[in-house]
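Colleague: I have a model open on my screen and would like to learn how to read it. Could you take me through some features, with the general idea and then the case here?

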Amino acid sequence: MNRHTIMTAATATVVVLGLAGCTSDETDTAHDTTAAVEQDTSTSGESATTDTAAETAQHSEADVMFAQMMIPHHQQAIEMSDIILAKDDVPGQVVELAEEIKAAQGPEIEQLTTWLGQWGEPTQPEDTHGGHDMSEMEGMLSEQELQELANAPGPEAARLFLEQMITHHEGAVAMAETEVADGTYPPAVDLARSIIDTQQQEIDTMRQMLDTM
């Protein structure tokens, strides 16, 4: 074999070995990248599941009580709003307020109900064995007071609605403040803060309305 043939064969061998090395490196790199992606995806999924479970498990008795009591409280506010919206000769600003209350508190009832379901809790606390009487919650109107609102003519009902709703909102703010102080479920505490801010602003607005009537 002459020198030229030997050099050609050697060169071909180097090229083949080089290509084999590149292929091996690329395969190893692709394998490592795939494994890393699968690990990241698995870790991400496990993290999301863990976060969801932890968030659900963070609720306390205070959170449950807040949700159970705020639902009927909101429901009565919507009932009061429906009563005033069904009347004639009610000032436009009072009508607008009633509509705003319904629009805000309806979705909050749904959220509170969803949380109680996730926690495996009933939507209402037991009234027996030391339970809570919903009619005795702060700011709740009696059946007689609701009937007075229903019976009043438009202009008189508007004033009565504002007076009653101020008291009603004050009760909701007090319950929300208790949740902020004692609650442990972050979304519920955030909702309580929102209720405090929103309803305190509405209380101020309703007092201004009363001053102009």
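**Reading the model, feature by feature**

Modeller: Gladly. Keep in mind that this is a predicted model. Let's begin with aromatic rings: the structure holds three aromatic pairs.

Colleague: How should I read such a pair, say tryptophan 115 with tyrosine 185?

Modeller: Look at the distance between ring centres and the angle between ring planes; planes over 60 degrees apart count as edge-to-face. For tryptophan 115 and tyrosine 185, the centres are 5.6 Å apart and the planes meet at 80°, an edge-to-face pair.

Colleague: Which parts of the chain does that pair tie together?

Modeller: Tryptophan 115 sits in helix H3 (residues 92–119), while tyrosine 185 belongs to the loop between helix H5 (154–182) and helix H6 (186–211), so the pair links parts that are 70 residues apart in sequence. Tryptophan 115 and tyrosine 185 are both buried.

Colleague: What about the rings of tryptophan 119 and tyrosine 185?

Modeller: Their centres are 5.1 Å apart with the planes at 90°, so this pair is edge-to-face. Tryptophan 119 lies in helix H3 and tyrosine 185 in the loop between H5 and H6, so the parts tied together are 66 residues apart in sequence. Trp115, Trp119 and Tyr185 form one aromatic cluster.

Colleague: And how do I decide whether a residue such as tryptophan 119 is buried or exposed?

Modeller: Use the relative accessible area: under 20% is buried, over 50% is exposed, and partly exposed is in between. Tryptophan 119 has 8% relative accessibility, so it counts as buried. Tyrosine 185 has a relative accessible area of 3%, so it is buried.

Colleague: Let's step back to the whole chain. How many helices and strands does the protein chain have?

Modeller: The protein chain has six helices and zero strands. Read from the N terminus, the order of elements is α-α-α-α-α-α. Of its 213 residues, 35% count as buried. The chain exposes about 12,400 Å², with 52% of that supplied by carbon and sulfur atoms.

Colleague: What can contacts tell me about how far apart in sequence the joined residues are?

Modeller: Take the contacts between residues at least 6 apart in sequence: in this chain, 81% of them join residues at least 24 apart. Methionine 175, in helix H5, makes a handy case. The C-alpha atoms of methionine 175 and alanine 67 are separated by 9.9 Å, although these residues are 108 apart along the chain. Leaving out residues up to four places away in sequence, methionine 175 touches Phe66, Met69, Met70, His73 and Met137. Its relative accessible area is 11%, so methionine 175 is buried.

Colleague: Next, cavities. How many of 30 Å³ or more are there?

Modeller: A cavity is a space where a probe fits but cannot get out. The count here is one cavity of 30 Å³ or more, and the largest cavity has a volume of about 50 Å³.

Colleague: Which residues line the largest cavity?

Modeller: The lining consists of Ile101, Ala104, Gln105, Glu108, Ile195, Thr198, Gln199 and Glu202. Helices H3 and H6 each supply at least two of the lining residues. Sorted by class, the lining has three nonpolar, three polar and two charged residues.

Colleague: Can we look at one of them, glutamine 105?

Modeller: Of course. Glutamine 105 lies in helix H3 and has 4% relative accessibility, so it counts as buried. Apart from residues up to four places away in sequence, glutamine 105 touches His74, Ala77, Ile78, His169 and Gln199.

Colleague: Is arginine 207 buried, exposed or partly exposed?

Modeller: Arginine 207, found in helix H6, has a relative accessible area of 38%, so it is partly exposed. With residues up to four places away in sequence left out, arginine 207 touches Ile166 and Glu170. The C-alpha atoms of arginine 207 and leucine 162 are separated by 7.8 Å, with their positions 45 residues apart along the chain.

Colleague: One last feature, the backbone. What is phi of aspartate 89 near?

Modeller: For backbone angles, check the sign of phi along with the residue type. Phi of aspartate 89 is near 60°, a positive value in a residue other than glycine. Aspartate 89 lies in the loop between helix H2 (61–85) and H3. At 66% relative accessibility, aspartate 89 counts as exposed.

Note on methods. Residues are numbered from 1 along each chain as its sequence is written. This is a predicted model: local features need pLDDT of at least 70, side-chain atom pairs count only at pLDDT 80 or more; totals for chains, interfaces and linings use all residues. Side-chain values use heavy atoms; hydrogens and water are left out. Helices (H or I, at least four residues) and strands (E, at least two) are DSSP runs, numbered from the N terminus. Buried means under 20% relative accessible area, exposed over 50%, partly exposed in between (1.4 Å probe, protein chains only). Contact means heavy atoms within 4.5 Å. Accessible areas come from the Shrake-Rupley method with a 1.4 Å probe; for residues, only the protein chains shown count as cover. Rings of Phe, Tyr and Trp (its six-membered ring) pair if their centres lie within 6.5 Å; planes under 30 degrees apart count as stacked, over 60 as edge-to-face and the rest as tilted. On a 1 Å grid over the protein atoms alone, a cavity is a set of points where a 1.4 Å probe fits but cannot get out, and a pocket is an open set with protein on both sides within 12 Å along at least five of seven lines; lining residues have an atom within 4 Å of a point. Grid points are joined across faces, edges and corners, and a volume is the space filled by probe spheres set on the points. Ala, Val, Leu, Ile, Met, Phe, Trp, Tyr, Cys and Pro count as nonpolar, Asp, Glu, Lys and Arg as charged, and the others, Gly among them, as polar.
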